[in-house]
Amino acid sequence: MVIDMDEKATLVIKNISNLITMRGPNRPRKKEEMSEIGLIKNGIIAASKDKIIYVGNGELPKDIEIAQDAKIINAQGKTVTPGLIDSHTHLVHGGSREYELFKKLEGKSYLDILNSGGGIYDTVESTKKASFEELLKKAEKSLNRMLSYGVTTVEAKNGYGLDDFNTELKQLEVIKELNRIHPVDLVPTFLGAHAVPKKYEDDVDKFVDILITEMIPYVSEKNLAKFCDVFCEKGVFSVDQSRKILSAAKERGLFLKIHADEIEPLGGAELAAELGCVSADHLVGASDEGLKKMAQNNVIATLLPTTTFFLQSEKYAKARKMIELGIPIALSTDYNPGSSPTENLQLVMTFGALKLHMNPREIITSVTINAACALKLEDKIGSLEVAKKADMAIFDVPNIEYLIYHFGVNHTQTVIKNGEVYDMTSVS
């Protein structure tokens, strides 16, 4: 397909051994559709500035003119995919919590660590103390790593200020600035309901009211977030409290996400279906009834296997059951300092195979078009088709099976973001 023959090709990638286009409808892929990846052998793709103008095999049509200064890349022996999309991260935070790992190995529980001032409250204190510039520099370093793994779009949440709204706003402003200065596109999510502040432990509803009457209206008015998220879990926010928060956000024009049933089947999956959340995330403890309702209401399941792994749990989300039910799946790093301190989406893809029992085609779908749908960007990214953004990753692997099989290394050779070429061989 060609968009406009008057546009000169400023980038051509030719001789692509495996071109994974993900061509198809701009909607979440489910069931057997998750294995339909639009593979083209000996592929070729052309872009004019930041837009794709041709996708096919063999040679470019003669009526496509190549600009004199065009970048020509020979991808023989390589695999090209849409730019990967990390659709659930806690990108902006202060400090780190490496000391907790060794406490866990000594037998301390999460609650033991939390009650001693650790856990999320440690990150909250570090984020409050960090300056805007410190948070920016730290998050930029993580974004650079993500880009090096082939990631071109990232969802980023706040949530480490809790009752300190200024800290929550500081995180959102860092996300906004990074989106302006960094090649990777950022999609901001307001997660004021990440945990219950200590001062409101005996009156959680009062904090919920503050979220609804003060924080969410301000975030919406200032256009600081596209989504609103809430941690619906035992000991955090109940189903009723989560419903109030998300309903208020929906009334203010924000799209909805939910941390649902990460540990216990509290009813987060059912709530996601009820409210029409774009995605429900984690879902390790989701009930069968909740999953059925998600399928009926086209809620995307964003699964985070490296979180389960790092928490040393053997209970993973039921990906195969979800696929059988017709739930579209996205995979993400859940990058955060406490339960998944990794920016490596390629590693997540391997865990998708080894721990979630997904096949390679389902996995590549989950980090491209389905992840794009989880961010409501499917009309712009997630597949390599004419008129979509020129966001691509070139992997030095013969096929996607090898990309997932040979784990623990970075297979990215080149990343193309908005038509700009970034050579990653020096950072792989």
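The following conversation goes through the sheet, pockets, cavities and selected residues of a predicted model.

Reader: Shall we start with the sheet? In what order do the 8 strands run, and how do they pair?

Author: The order is β6-β7-β8-β9-β10-β11-β12-β13, in an open sheet with parallel pairing. At its edges stand β6 (84-86) and β13 (329-331), each of which pairs on one side only. On average, neighbouring strands of this sheet are turned by 25 degrees against each other, direction ignored.

Reader: Take β10 and β11. How many bridges are there between them?

Author: Strand β10 (residues 255-260) and strand β11 (residues 279-282) are paired over 4 bridges, in the parallel sense.

Reader: And which residue stands opposite Asp281 of β11?

Author: That residue is His259.

Reader: What about β15 and β16: parallel or antiparallel?

Author: They run antiparallel, with 4 bridges joining β15 (residues 412-417) to β16 (residues 420-423). Thr414 has Asp423 in β16 as its bridge partner. The two strands form a hairpin with 2 residues between them, and Asn418 in this hairpin has a positive phi near 50 degrees.

Reader: Let us turn to pockets. How much space lies in the largest pocket?

Author: The largest pocket holds about 1100 Å³ of space. Its lining consists of 38 residues, and Tyr110, Phe231, Glu262, Ile263 and Leu311 are those that lie nearest the centre.

Reader: Which helices supply at least two residues of that lining?

Author: They are α1 (98-105), α2 (110-115), α3 (120-129) and α10 (305-310). The largest share, 3 residues, comes from α2.

Reader: How does the lining of the largest pocket divide by class?

Author: There are 14 nonpolar, 13 polar and 11 charged residues in the lining of the largest pocket.

Reader: And the second largest pocket: how much space, and which residues lie nearest its centre?

Author: About 280 Å³ of space lies there. Of the 19 residues that line the second largest pocket, Ser96, Arg97, Glu98, Pro337 and Pro341 lie nearest its centre. Helices α1 and α4 (132-148) each contribute at least two residues to this lining. By class, the second largest pocket is lined by 5 nonpolar, 6 polar and 8 charged residues.

Reader: What about cavities? How many have 30 Å³ or more?

Author: The structure has 3 cavities of 30 Å³ or more, and the largest cavity has a volume of about 50 Å³. Its lining includes Pro82, Gly83 and Ile85, together with Thr152 and Thr153. Among the other residues that line the largest cavity are Lys380, Ile381, Gly382, Lys389 and Asp391. The lining of the largest cavity comprises 4 nonpolar, 5 polar and 3 charged residues.

Reader: Back to helices. Why is α12 described as largely enclosed by the rest of the structure?

Author: Helix α12 (residues 345-354) is largely enclosed because 7 of its 10 residues are buried. The buried residues in α12 are Leu345, Gln346, Val348, Met349, Thr350, Phe351 and Gly352.

Reader: What does the side chain of Asn344 reach at the start of α12?

Author: A side-chain oxygen of Asn344 comes to within 3.0 Å of the backbone nitrogen of Gln346.

Reader: You mentioned α1. Where does Tyr99 lie, and what is its relative accessible area?

Author: Tyr99 is in helix α1 and is partly exposed, at a relative accessible area of 29%. Between the C-alpha atoms of Tyr99 and Ile327, which are 228 residues apart along the chain, the separation is 37 Å.

Reader: One more topic, backbone angles. What is phi of Met22, and is this residue buried or exposed?

Author: Met22 has phi near 60 degrees, a positive value in a residue other than glycine. As a general matter, most residues other than glycine have a negative phi. Met22 sits in the loop between β1 (9-20) and β2 (39-48), and Met22 is buried, with a relative accessible area of 0%.

Reader: And Asn298: what is its phi, and where is it found?

Author: Asn298 also takes a positive phi, near 55 degrees. Asn298 belongs to the loop between α9 (288-296) and β12 (300-303).

Reader: Why does Asn298 count as partly exposed?

Author: Asn298 has 46% relative accessibility, and the partly exposed class lies between the cut-offs of 20% and 50%.

Key: Residues are numbered from 1 along each chain as its sequence is written. This is a predicted model: local features need pLDDT of at least 70, side-chain atom pairs count only at pLDDT 80 or more; totals for chains, interfaces and linings use all residues. Side-chain values use heavy atoms; hydrogens and water are left out. On a 1 Å grid over the protein atoms alone, a cavity is a set of points where a 1.4 Å probe fits but cannot get out, and a pocket is an open set with protein on both sides within 12 Å along at least five of seven lines; lining residues have an atom within 4 Å of a point. Grid points are joined across faces, edges and corners, and a volume is the space filled by probe spheres set on the points. Ala, Val, Leu, Ile, Met, Phe, Trp, Tyr, Cys and Pro count as nonpolar, Asp, Glu, Lys and Arg as charged, and the others, Gly among them, as polar. Buried means under 20% relative accessible area, exposed over 50%, partly exposed in between (1.4 Å probe, protein chains only). A polar contact is a pair of N or O atoms within 3.5 Å; within protein, one must be able to donate a hydrogen and the other to accept it, and residues adjacent in sequence count only if both atoms are side-chain atoms. Two strands pair if DSSP finds at least two bridges between them. Axes are lines fitted to C-alpha atoms, for helices over the stretch in contact, and angles run from 0 to 180 degrees between N-to-C directions.
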